[in-house]
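Please open your viewer and get ready to click along. We will go from stop to stop, choosing what to select and reading off what is there.

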Amino acid sequence: MANLVNLEAVGKSHGERTLLDGVSLGVGAGERIGVVGLNGGGKTTLLEVLSGISEPDSGRVSWARGLRMRVVTQRTDLPEGGTVRQAVLSDYAAEHEWASEPRIRSIVDGLGIAAIGLDTPTDTLSGGERRRVALAAALVAELDVVVLDEPTNHLDVEGVRWLADHLLARRVSLIVVTHDRWFLDTVCSRTWEVTDGRVEQYEGGYADWIYARAERARKAAAAEEKRRNLARKELAWLQRGAKARTSKPKFRVEAAEALISDVPEPRDTVELTSFAKRRLGKTVLELEDASLSIDERTLLDHVTWRIGPGDRVGIVGVNGSGKTSVLRLLAGETEPETGRRIEGKTVRMAHLRQELDDLPGDLRVLQAVERVASRVSLGKHELSASQLAERLGFGRSRQWTPVRDLSGGERRRLQLVRLLMSEPNVLLLDEPTNDLDIDTLQQLEDLLDGWAGTLVVVSHDRYLVERVCDSVVALFGDGDVTHLPGGIDEYLDRRSAPRTGGTGVGGTGASGSKDRGREAGDEGAGSDRTLTPAEWRAATKELGKLERKLDSLAAKESELHAALAEAATDPDRLMRLNTELKDLRAQKEDLEQRWLETSEALE
């Protein structure tokens, strides 16, 4: 079958820098391709050349006759002087025309367009709202190819899952640049890595790409030692999750498992927590009977929440649920309306905000870092200012760039480097993955693995939250902070089902409710009893049975995805298959939870 898009010996440069050097590749019907690589390495340039936005300097790009293609870039160009309705639903003359189509209604609801307001002028939208409107405008069309540049930015965890499900259910070719590793692994069947002017191609999504990189690094020369260690550590992490253990990656599983056989756990939680207690004492951050409101909307209603030494907490919730406001309350930047905030005497806090703090524009990058400190100790590693800057994406030559000449993403990375150089023992991170490429994210996670302190993260990047946090809490809009033993999967389940009440970490209205924060945070309390030999054998047998069932469900899920793609033009069959898929996922999530509980009991 002929490709829908072909690139033949394409070259493209920016100034003296070659971004694409003789690149030849094609996009077939139904392929879902994830594009990864370093920031500034040519990912966006590749999309622009492939979609015809930008002309190549050399070579040729060709498209199939009559190709229907939409491109959503980070520029978010929308018609001036129009409304959201005109931008998204211009092909529909009347309300009932689009409202009667389940696919269109799903897009309008799934991307939060209805919440923005169809009659809202596009000129008044925020940057995040403009991105969602542009994405919706592309997805409502009947397409052969859709090209997306960082589509998950400005989507919450729920929105990212909706977008993944939507793209999987459509018979459309996809080329997407994203640093969201869960999205890559869930949606993409191929991965393109843009590096040094080339495009390396791999089968599978993020996990398969990591396997390939780890194997490639194993065979590399000594100069690639640092990259190899990072890839091996990341690979070890991928292998340890419940879902990873039941998956069947395509790329040389046995070789990859041999590669990581001697890799320890990503972090020694017991050792780090013990060290954190010595540094921080018993009290770190506490909210007692605290209330907080924004614009007459109650975010916290008499909540008691205790965050202890060494705790690693992820906060999730829909956009606008108040995650940033709660983080500011924890940081002491705002005061509670009732109750009080308590901070331990030995706390040295650092807060990475979404807004860019003032940076010394007259200094060069390295000078701006060294103004904070010349060396930093992160766990067992001591790094110079230059070494830490390099690990977070500032190469040696880039370290001499004036701060005023940095891009927005680079300024945010510099802000993060300066925070880490201050050697905090409490770190509050608000959307730390914004503007970070995958390699830099891996470096950040590696640094946090050896960091002994208390960590609170607000992020829509579920991979990061699951990777660096030991517990997850959610803001459901009920004035409480709800502890989620099942993590983000439990959060999504609760969001998709009618609420019947939750287990908060704070709040009032029940006897002893002010102590619930400590109870919710004591993971495994009362469950560390040693199993008898008979119980251990029964649990081992149950674990094997669950893994076999999960394998069977994974195979059925793949078959359903294929059937959904074939039924894209048959609404009745599509709805029936979608119902089957939802039921299967519910079974799978239940089995995964049982697998996790059984596995923890054995450990």
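Start by selecting Glu 8 and Arg 60: these two form a salt bridge, with their closest N and O atoms 2.9 Å apart. Keep in mind as you look that this is a predicted model. Now color the strands. Glu 8 sits in strand β1 (residues 5-14) and Arg 60 in strand β4 (residues 58-63), so this pair links distant parts of the chain, 52 residues apart. Both partners have some surface showing: Glu 8 counts as partly exposed at 38% relative accessibility, and Arg 60 is partly exposed too, at 48%.

**Zoom out**

Show the whole protein as a cartoon. How many helices and strands does the secondary structure come to? There are 23 helices and 20 strands. Of the 603 residues in the protein, 52% are buried. Take contacts between residues at least 6 apart in sequence: 69% of them join residues at least 24 apart. A search of the whole structure finds 22 salt bridges. In general, side chains of opposite charge can pair when their charged atoms come close.

**Two crossing helices**

Next, select helix α7 (residues 157-169) and helix α20 (residues 487-496). Their axes come within 10 Å and cross at roughly 80°. Angles from 65 to 115 degrees count as roughly perpendicular, and α7 and α20 are therefore roughly perpendicular to each other.

Now show the side chains where the helices meet. From α7, pick Val 157, Glu 158 and Arg 161; from α20, pick Ile 488, Tyr 491, Leu 492, Arg 495 and Ser 496. Two residues from this set deserve a closer look: Glu 158 and Arg 495 meet in a salt bridge, 2.7 Å from N to O. Glu 158 lies in α7 and Arg 495 in α20, so the pair ties together parts that are 337 residues apart in sequence. Glu 158 is partly exposed, with a relative accessible area of 23%, and Arg 495 is partly exposed at 35%.

**Another pair, and a network**

Move on to Glu 410 and Arg 398. They form a salt bridge whose closest N and O atoms are 2.9 Å apart. Glu 410 belongs to helix α17 (residues 408-421), while Arg 398 is in the loop between α16 (385-391) and α17, 12 residues apart. Is Glu 410 buried or exposed? At 12% relative accessibility, Glu 410 counts as buried, whereas Arg 398, at 30%, counts as partly exposed.

Then select Arg 181, Glu 445, Asp 449 and Arg 467 together. These residues are linked in a network of salt bridges.

**A helix under cover**

Select helix α6, residues 127-139. From its first C-alpha to its last, this helix of 13 residues reaches 19 Å, close to the 18 Å expected at 1.5 Å a residue. How many of its residues are buried? The count is 11 of 13, and α6 is mostly covered. Among the buried ones are Gly 128, Arg 130, Arg 131, Arg 132 and Val 133. To see what covers them, add neighboring elements: the cover includes β5 (69-72), α2 (84-88), α4 (102-110), α5 (113-116), β6 (145-149) and α7. You have already visited α7, which holds Glu 158.

**A loop residue**

Go to Asp 311, found in the loop between β11 (297-307) and β12 (312-316). At 26% relative accessibility, Asp 311 counts as partly exposed. Look at its side chain: one of its polar atoms lies 2.7 Å from the backbone nitrogen of Gly 308. Which residues does Asp 311 touch, not counting residues up to four places away in sequence? They are Arg 306, Gly 453, Thr 454 and Leu 455. For a distance to try in your viewer, pick the C-alpha atoms of Asp 311 and Val 426: they are 9.6 Å apart in space, with the two positions 115 residues apart in sequence numbering.

**Last stop**

Finish at Ile 210, in helix α9 (residues 206-218). Ile 210 counts as buried, at 1% relative accessibility. Draw a line from its C-alpha atom to that of Glu 234, 24 residues apart along the chain: the separation is 7.5 Å.

Definitions and conventions
Residues numbered from 1 in each chain as written. Predicted model: local features only at pLDDT ≥ 70, side-chain atom pairs only at ≥ 80, totals over all residues. Heavy atoms only, no water. Salt bridge = Lys/Arg side-chain N within 4 Å of Asp/Glu carboxyl O. Helix = DSSP H or I, 4+ residues; strand = E, 2+ residues; numbered from the N terminus. Buried < 20%, exposed > 50% of the residue type's maximum accessible area, 1.4 Å probe, protein only. Contact = heavy atoms within 4.5 Å. Polar contact = N/O pair within 3.5 Å; in protein donor to acceptor, adjacent residues only side chain to side chain. Expected span 1.5 Å × (residues − 1). Axes fitted to C-alpha atoms, helices over the stretch in contact; angles between N-to-C directions. Parallel < 35°, antiparallel > 145°, perpendicular 65-115°, else oblique.
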